[in-house]
Amino acid sequence: MPTSDAEIERVRELVAAIPPGRVATYGDIAAMAGLSTPRTVGWIMRTDSADLPWHRVLRADGRPAAQLAHRQLRKLAEEGCPIRDDRVDLAAARYRFETGPGTS
């Protein structure tokens with residue numbers, strides 16, 4: 001099933017809402033957007049995130065994608081995000097969205 005424009009915009013809204021020094025996982029965003037898989041969030045981030053705080057979205061283990069690791073961790077550290085052993089401390093830095101799935 002193709003991703004709708006509304007789903008893409010919802011993911012963009014959620015990523016834009018993550019404050020500096022905080023992070024969310026691809027799965028967190030997928031759940032909030034009502035998407036069936038975090039991979040859809042990854043696809044959206046790869047194709048339509050240049051104007052978003054893309055660096056605040058991580059894998060479920062708190063690690064960035066390998067090709068982005070140095071740049072992403074540097075940007076997060078500059079924002080004061082807690083990092084240990086090349087991964088973000090999700091217990092301390094995970095952003096909790098306030099709205100339910102698919103809502104604005």
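Helix α3 gives the most to the lining of the largest pocket, contributing five residues. I should say at once that we are looking at a predicted model. The pocket itself encloses about 320 Å³ of space. Its lining is made up of 14 residues, and those closest to the centre are Tyr26, Gly42, Met45, Arg46 and Ala65. Two elements give two or more residues to this lining, namely α3, which spans 38–47, and α4, which spans 69–78. As for the character of the lining, seven of its residues are nonpolar, four are polar and three are charged.

Let me now turn to how the helices pack, staying with α3 for the moment.

Which residues join α2 to α3? The axes of these two helices lie 8 Å apart, and the helices pack at an angle of about 100°. Since angles of 65 to 115 degrees count as roughly perpendicular, α2 is therefore roughly perpendicular to α3. On the α2 side, the contact is made by Tyr26, Gly27, Ile29 and Ala30, and on the α3 side by Pro38, Val41, Gly42 and Met45. This contact holds six nonpolar residues and two polar ones, with no charged residue. Please note that Tyr26, Gly42 and Met45, which take part in this contact, are also among the residues closest to the centre of the largest pocket.

Helix α3 also packs against α1, with an angle of about 80° and axes 10 Å apart. That angle makes α1 roughly perpendicular to α3. From α1, the residues in contact are Glu7, Ile8, Val11 and Val15; from α3, they are Val41, Trp43, Ile44 and Met45. By class, seven of these residues are nonpolar, none is polar and one is charged. Val41 and Met45 thus appear in the contact with α1, and they appear in the contact with α2 as well.

There remains the pair α1 and α2. How do they cross, left-handed or right-handed? Helix α1 covers residues 5–17 and helix α2 covers residues 26–33; their axes come within 10 Å and cross at roughly 125°. The two helices are therefore oblique to each other, and their crossing is right-handed. Arg10, Val11, Leu14 and Val15 of α1 meet Ile29, Met32 and Ala33 of α2. Six of the residues in this contact are nonpolar, none is polar and one is charged.

To close, I would draw attention to two residues of α1: Val11 and Val15 take part in the contact with α2 and also in the contact with α3. On the α2 side, Ile29 contributes to the contact with α1 and to the contact with α3.

How values were computed:
Residues are numbered from 1 along each chain as its sequence is written. This is a predicted model: local features need pLDDT of at least 70, side-chain atom pairs count only at pLDDT 80 or more; totals for chains, interfaces and linings use all residues. Side-chain values use heavy atoms; hydrogens and water are left out. On a 1 Å grid over the protein atoms alone, a cavity is a set of points where a 1.4 Å probe fits but cannot get out, and a pocket is an open set with protein on both sides within 12 Å along at least five of seven lines; lining residues have an atom within 4 Å of a point. Grid points are joined across faces, edges and corners, and a volume is the space filled by probe spheres set on the points. Helices (H or I, at least four residues) and strands (E, at least two) are DSSP runs, numbered from the N terminus. Ala, Val, Leu, Ile, Met, Phe, Trp, Tyr, Cys and Pro count as nonpolar, Asp, Glu, Lys and Arg as charged, and the others, Gly among them, as polar. Axes are lines fitted to C-alpha atoms, for helices over the stretch in contact, and angles run from 0 to 180 degrees between N-to-C directions. Angles under 35 degrees count as roughly parallel, over 145 as roughly antiparallel, 65 to 115 as roughly perpendicular and the rest as oblique. A crossing is left-handed if the near helix is turned anticlockwise from the far one by less than a right angle, and right-handed if clockwise. Contact means heavy atoms within 4.5 Å.
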